[in-house]
Amino acid sequence: MSVPEYTAVRAGGRRSPRPVPVALPPPEHCEMCEEVRLSGSFATGPHRSAGFSRLVSRTRAVDVLSGLGSLLPGYVLVVPRRHTTSLGELSPADLAEAFAVGWRFAERIERELGHPVVMVEHGSSGTSGKGGSCITHSHLHIFPLSDVAHSPLFAAPGSRKISGLADLIDTAHRRKNYYFCTWKRDEGYLLSDPDLPSQYARRVWAGTLDAPDLWDWAAFPFLSNCQDTTDRLRDPNESETDRHMRETLLAYGVAAPTYAARTRRFTDGSTLPHEIADLARTTSGVVLDAGAGAGRDALCFAANGRRVIALDACLPLLTMTPDEPEVQRVTGDVRCLPLSNASVGAVWCSAVLLHLPPVELLRALREFHRVLESRGAVQVSVKEGEGHASLAMGGENPFRRHFFYYRHGDLIPLARAAGFDVQQSWTEEEADSSDDVQRWIKLRLRRTT
Ligand SMILES: [Zn+2]
Ligand SMILES: [Zn+2]
């Protein structure tokens with residue numbers, strides 16, 4: 001690919017961009033941030049369990065997601081992975097990357113799907129109003145068109161012609177909303193302080209497709225077009241680990257109600273309640289239930305008098321956790337915990353790390369070590385065995401869960417490599433969530449430093 005002509009800071013531009021403003025802190029709850037954090041395993045908005053991941057591609061600074069409200073296949077959003085309310089708030093390097101990725105996809109959509117495109121951003125850096133935006137986490141829409149002649153319709157009345165992206169930075173820096181669209185490299189149309197109806201560009205787009213009433217993405221998501229887009233444009237270079245993780249999370253997400261019902265109670269004769277009580281008795285501080293699923297074990301810790309963070313990467317499953325004041329639900333990946341150093345007293349991670357290959361399992365153990373207070377303890381369990389298996393969830397669920405099996409001899413060196421003292425290791429037979437009796441390897445670890 002050639003270097004994009006659109007760059008954040010153009011030599012010889014009319015204005016030299018001022019320093020990039022410090023982005024406002026993210027709002028307390030941003031669904032787009034969560035969707036990015038969870039690699040698209042649930043969808044922002046009312047269609048949370050879309051049944052597939054919208055993630056098409058990921059670069060250092062941005063995700064490309066197939067767009068909901070997909071009137072035509074090929075509709076995608078370029079979404080910064082860091083929360084900002086407009087692309088103009090990004091660093092010049094990240095802004096350049098967002099547009100470079102956008103143009104790369106524009107070319108692919110035209111070449112592979114046969115549609116010319118228009119790119120639109122409604123930046124929400126203003127202190128009031130939303131400037132025609134549908135969601136405040138910044139995103140660049142890439143609309144596939146039925147006819148290239150429709151492109152100029154997307155320029156909002158009153159826009160001025162600009163070249164380069166410095167004006168976006170400048171407008172964001174002056175804390176103004178803006179509406180920007182472009183269909184040619186190095187030529188765009190910018191309106192600052194726009195007074196536009198919600199989803200303005202989507203209304204224009206729907207009009208060009210003779211579907212003027214279907215502009216609202218939340219009401220008309222066109223999920224099959226959205227999935228088609230993902231299938232046709234997904235990065236062929238997705239790593240095997242990312243694919244395994246994505247499929248496993250989707251399998252749990254689709255099965256969330258049945259899985260939650262099946263794991264609501266401990267199986268008869270389960271040793272887990274005793275092990276939970278023992279970890280609760282021998283530690284202090286907050287307990288992190290890492291991979292909490294539908295919350296059974298977290299509630300058991302709460303019943304033992306402990307405050308619990310119930311963390312899971314599968315939001316549909318986590319939302320099945322019954323309300324309990326001592327249990328705080330947090331979405332996140334065990335390999336990259338959204339917790340500060342030395343912030344918990346114990347980590348419980350039962351039947352979770354079995355979804356990770358050894359390198360990733362080590363990453364998770366290092367994260368547990370990082371977030372644990374000195375002398376804090378961890379209990380982990382995985383299935384005993386060797387190699388990798390992918391197992392269908394059963395029923396109508398199209399996704400497979402991926403399992404990695406371990407032996408004591410594999411697991412103990414990993415625990416030590418993460419900095420833990422192995423206090424106890426044992427093997428036990430117990431039925432898993434599918435009622436199949438498994439041999440489990442369990443380790444009790446302590447942070448000694
Ligand atoms: Zn966000
Ligand atoms: Zn939007």
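Helix 8 and helix 9 meet through a defined set of residues in this predicted model. From helix 8 come Leu272, Pro273, Ile276 and Ala280. Helix 9 answers with Asp297, Cys300 and Phe301. By class, six residues of this contact are nonpolar, none is polar and one is charged. Two packed helices are described by the angle between their axes and the distance between the axes. Here the axes of helix 8 (residues 272-281) and helix 9 (residues 296-303) come within 9 Å and cross at roughly 50°. That angle makes helix 8 oblique to helix 9. The crossing of helix 8 past helix 9 is right-handed.

Next, the seven-stranded sheet. This sheet is open, its pairing is mixed, and its strands follow the order 11-10-9-12-13-17-16. Strand 11 (327-331) and strand 16 (420-431) are the edge strands. Each has a single partner strand, so one side of each lacks a neighbour in the sheet. From one strand to the next, the twist averages 15°.

Start at the strand 16 edge. Strand 16 pairs with strand 17 (residues 437-447) in the antiparallel sense, over eleven bridges. Two facing pairs help to set the register. Ser425 stands opposite Leu443 of strand 17. Val422 stands opposite Leu445, also in strand 17. The hairpin of strand 16 and strand 17 has five residues between the strands. In this hairpin, Asp435 takes a positive phi near 70°.

Move one place inward. Strand 17 also joins strand 13, through seven bridges, and these two strands run antiparallel. Gln379 stands opposite Arg444 in strand 17. Strand 13 holds a backbone feature of its own. Arg375 is found in strand 13, and its phi is near 75°, a positive value in a residue other than glycine. Is Arg375 buried, exposed or partly exposed? Arg375 has 13 C-beta neighbours inside 10 Å, so it counts as partly exposed; the exposed class ends at 12.

A helix covers part of this sheet. Helix 11 (residues 358-371) lies across strand 9 (287-290), strand 12 (344-350), strand 13 (372-383), strand 16 and strand 17. The direction of helix 11 makes about 155° with that of strand 13.

Now turn to the eight-stranded sheet. This sheet is open too, with antiparallel pairing and the strand order 1-2-3-5-4-7-8-6. Which strands stand at its edges? They are strand 1 (55-58) and strand 6 (160-162). Each pairs with a single strand, so one side of each is left without a neighbour in the sheet. The twist averages 25° from one strand to the next.

Within this order, strand 3 (residues 76-80) and strand 5 (residues 140-144) run antiparallel and are joined by three bridges. Leu77 stands opposite His141 in strand 5. Helix 2 (residues 92-113) packs on the sheet. Helix 2 touches strand 2 (62-66), strand 3, strand 4 (117-124) and strand 5. Its direction makes about 15° with that of strand 5.

The loop between strand 7 (177-184) and strand 8 (187-192) contains Asp186. Like Arg375, Asp186 is worth checking for its backbone angle. Phi of Asp186 is near 65°, a positive value in a residue other than glycine. With 14 C-beta neighbours inside 10 Å, Asp186 counts as partly exposed.

Finish at helix 6. Tyr252 lies in this helix, which spans residues 240-254. Why does Tyr252 count as buried? Because 26 C-beta neighbours lie inside 10 Å of Tyr252, and the buried class begins at 20. Leaving aside residues up to four places away in sequence, Tyr252 touches Tyr259, Cys314 and Leu317. Asn397 lies 145 residues from Tyr252 in sequence, but their C-alpha atoms are 9.2 Å apart in space.

Technical notes
Residues numbered from 1 in each chain as written. Chains lettered and ligands numbered in written order. Predicted model: local features only at pLDDT ≥ 70, side-chain atom pairs only at ≥ 80, totals over all residues. Helix = DSSP H or I, 4+ residues; strand = E, 2+ residues; numbered from the N terminus. Contact = placed C-beta atoms within 7 Å. Pairing = 2+ DSSP bridges. Axes fitted to C-alpha atoms, helices over the stretch in contact; angles between N-to-C directions. Parallel < 35°, antiparallel > 145°, perpendicular 65-115°, else oblique. Left-handed = near helix turned anticlockwise from the far one by under 90°. Nonpolar A, V, L, I, M, F, W, Y, C, P; charged D, E, K, R; others polar.
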